[in-house]
Amino acid sequence: MLGVFLNLSLAGPASADEKLRLTGSGASFPFPLYSAWFKNFSRNHKNANIDYQAKGSGAGVLDFINRTVDFAASDAAMKPEEIAKVQGGAVLLPMTAGKIVLAYNLPGNPKGLKLPRDVYPDIFLGKITRWDDPRIQSANPGLKLPALPITVVRRADSSGTTYVFTNHLSAVSPEWKAGPGAGNTVNWPGSDKIVAAPKNDGVTATVKQTPGAIGYIEYAYALGAKVEMAELQNKDGKFIRPSAESGAATLATAQLPENLIAWVLDPEGEKSYPIATFTWMLFYQQNASPEKAKILREVVEYGITEGQKISAKMGYIPLPENVVSAVRAAANKIQ
Amino acid sequence: MNVFEEAADGEQIAGPPSLTDYLLDRSFRWVAMVCAWLIILVVGLLLWKIGVKAVPAIQEYGLGFLTGTTWDVNKRVFGILPEIWGTLYSSVLALAIGGFFGVSMAIFLTQDFLPPRIALVFRTIVELLAAIPSVVYGFWGIFVVVPAIRPVADWLNAEFGWVPFFGTTLSGPGMMPAALVLAIMILPTIAAISQDALRQVPYRIKEAAYGLGATRWEAILKVMLPTASTGIFGALVLGFGRAIGETMALAMLIGNSNQLSLSLFSPGNTLAALLALNFPEAGEHEVPILMYAALVLLLITLTVNMAGTAIMSLTSKQLKAGR
């Protein structure tokens, strides 16, 4: 323990009047929002400089365990055995939330494609292979669906987005659970109509360039790229368009436990959009110095107050009030 | 003051090497030696380090890793046959296309088809291709190449679907767009080195060929190309090596799907793309497996380069013997 402490004090800043440098790494999905936060925060706190690298959730967790960063961020939170490895204890705080949408590309750009909850898992399983399949057509009586093969576009890299999406599919479809299952990467069904592209932008670009393509991406990216997003059928049988309101309705159903790690895999409620998730920032309970801990607590406070105001504009879901107060209480553990 | 004036002054301009000359000469020799050995050391160190990290995976998966076709992190089943196939297939396709155009371009630019100034402009443009970042090629592939070849691919599939090469429809990313973009990426390497090789052939050899009554094409195909063949072959080997190792553009264009297919329009996967996409988030169990895959990629590259060098020295010996 003493050794760890010595290492940290060596790595920390040499003098107090110097600018405090904080480094973080992790999830790429909240990166646009976090970088906006840190920019604003540094403007108001001249003594702190925050540097965040969007390496991906898994890499963030690894950096966090190896104590090479001051904080990290992850879409997949942390597994209990990972938390146990963190020297000095970990605090996981949900800071924002996002939706995963099914973006599609059909000739003529028809809007408002409806996908029932027994249909979209079968599309990603490669069992429904054509757009004019009767199961899709019967849910969309108003749309003239083309006689095109469906090209499924998935993430090629290991990602938190895949983690959340495959967990949702596992919750909805027993066949998906028994087959590919859930994880940062899964073994997708073998088919030459299932292709993979790196990162959210890669999937978005591939969907946009392939007539008949469907792919899962973060709402914020879909909004930026102006692709059509499918309405998905939720647990109550309603077709829900992805939007800030439907995302907030989903989050309202979340029950946060003591450790603040909650998943909304298949939310209840008439207005809930089916695929939404929190994303977490990871902090140490014992930090290298009290100054660093203080800045980190201030970052959290900024994020849950001012930060929430810009999140909806950027395509994220503002946290519900009960989550905000739980996060504020838990932030006191950062010392 | 120039040497003649110095000589006129009566001072000697020739003399035995001084101690400084001697030491400089000696130390340069040593520095050169050390640098040469360092290269070998670095390659050895690379193999050794990756090898050591791959040991747990080699023990666990053995040679079955090379013949397996599934990559499932959750069930911990790993195999890289589709990646090996995809790496070699895409590189061979790219070499066939890029090699043909690269060598043709070298002939066009060196054999007096163009006024020297315009040839220089062409050469610079081709060499500029080498400076474009891989990611840009990837995006260009997605936004330009794929839409451009889609009608051709659909037609080929509809008319000649029974030919294994055209057996599937093009979804978007796939082997053909990847190979085309790869061909353009290796083009500058092949064109530049082939040009050097062709330019090194003494001009009088060509004049002699003309003197014997050869036409321009006879001179190029039967005299110039065989004489420069060693260099051109080296260009092709280097281009192939570059194609095998190319990562980002392929990761964006090949579809990253574990398919073993002859079809040019099917998605595939390559070792370099597999490594680049899985490494950043690999857990501690996965790292040795990826290291194993990296070792396989390294060995493929080394084998290709060594085989290339061997063939090269063999053919050049034959050429010399034939002369």
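**Exercise 1. Find the residues that A:Met95 touches, leaving out those up to four places away in sequence, and decide whether A:Met95 is buried or exposed.**

Step 1. Beyond that sequence window, A:Met95 touches A:Thr279, A:Trp280, A:Met281 and A:Gly303. Two residues are in contact if their C-beta atoms, placed from the backbone, lie within 7 Å.

Step 2. Now place the residue: A:Met95 sits in strand S4 (residues 90–105) of chain A. Helices (H or I, at least four residues) and strands (E, at least two) are DSSP runs, numbered from the N terminus.

Step 3. A:Met95 counts as buried because it has 25 C-beta neighbours inside 10 Å. The cut-offs are 20 or more other C-beta atoms within 10 Å for buried, 12 or fewer for exposed, and partly exposed in between, with C-beta atoms placed from the backbone.

Step 4. For a long-range pair, take A:Met95 and A:Ile304: they are 209 residues apart in sequence and 6.8 Å apart in space, C-alpha to C-alpha.

A note before you go on: this is a predicted model, in which local features need pLDDT of at least 70 and side-chain atom pairs count only at pLDDT 80 or more, while totals for chains, interfaces and linings use all residues. Residues are numbered from 1 along each chain as its sequence is written, and chains are lettered from A and ligands numbered from 1 in the order in which they are written.

**Exercise 2. Work out how far the model can be trusted, by its own scores.**

Step 1. Start with the whole model, which scores ipTM 0.79 and pTM 0.82.

Step 2. Go chain by chain with pLDDT, the predictor's confidence in each residue, from 0 to 100. Chain A has a mean of 87, with 95% of its residues at 70 or more. Chain B averages 88, and 94% of the residues score at least 70.

Step 3. Look for the weak spots. Among the elements of chain A, helix H1 (residues 2–11) has the lowest mean pLDDT, 42, and helix H5 (residues 120–124) the highest, 95. Over residues 1–16 of chain A, pLDDT stays under 50, and the model has nine contacts beyond four places in sequence for them. In chain B, confidence is lowest in helix H1 (residues 3–8), at a mean of 60, and highest in H4(B), at 94.

**Exercise 3. Describe how H4(B) and H9(B) pack.**

Step 1. The axes of helix H4 (residues 81–110) and helix H9 (residues 216–245) of chain B come within 9 Å and cross at roughly 145°. Axes are lines fitted to C-alpha atoms, for helices over the stretch in contact, and angles run from 0 to 180 degrees between N-to-C directions.

Step 2. Pick out the partners. Residues of H4(B) including B:Gly98, B:Gly99 and B:Gly102 meet residues of H9(B), among them B:Leu236, B:Gly239 and B:Phe240.

Step 3. Sort the contact residues of H4(B) with H9(B) by class: ten are nonpolar, six polar and none charged. Here Ala, Val, Leu, Ile, Met, Phe, Trp, Tyr, Cys and Pro count as nonpolar, Asp, Glu, Lys and Arg as charged, and the others, Gly among them, as polar.

**Exercise 4. Which residues touch the most other members of the largest nonpolar core?**

Step 1. A nonpolar core is a set of buried Ala, Val, Leu, Ile, Met, Phe, Trp, Tyr and Cys residues joined through C-beta atoms within 7 Å.

Step 2. The largest has 164 residues, and A:Leu93, A:Leu102, A:Leu282 and B:Leu182 touch the most other members. Helix H7 (residues 175–200) of chain B gives the most to this core, with 17 residues.

Step 3. Zoom in on A:Leu282: beyond four places in sequence, its contacts include A:Phe64, A:Phe71, A:Met78 and A:Leu92.

**Exercise 5. Find two residues of chain A with a positive phi that are not glycine.**

Step 1. Recall that most residues other than glycine have a negative phi.

Step 2. A:Asn109 has a positive phi of about 45° and lies in the loop between S4 and strand S5 (114–115) of chain A. A:Asn109 is exposed because it has 10 other C-beta atoms within 10 Å.

Step 3. A:Lys226, with a positive phi of about 55°, is in the loop between helix H10 (219–225) and strand S9 (228–229) of chain A. A:Lys226 counts as exposed, with 10 C-beta neighbours inside 10 Å.
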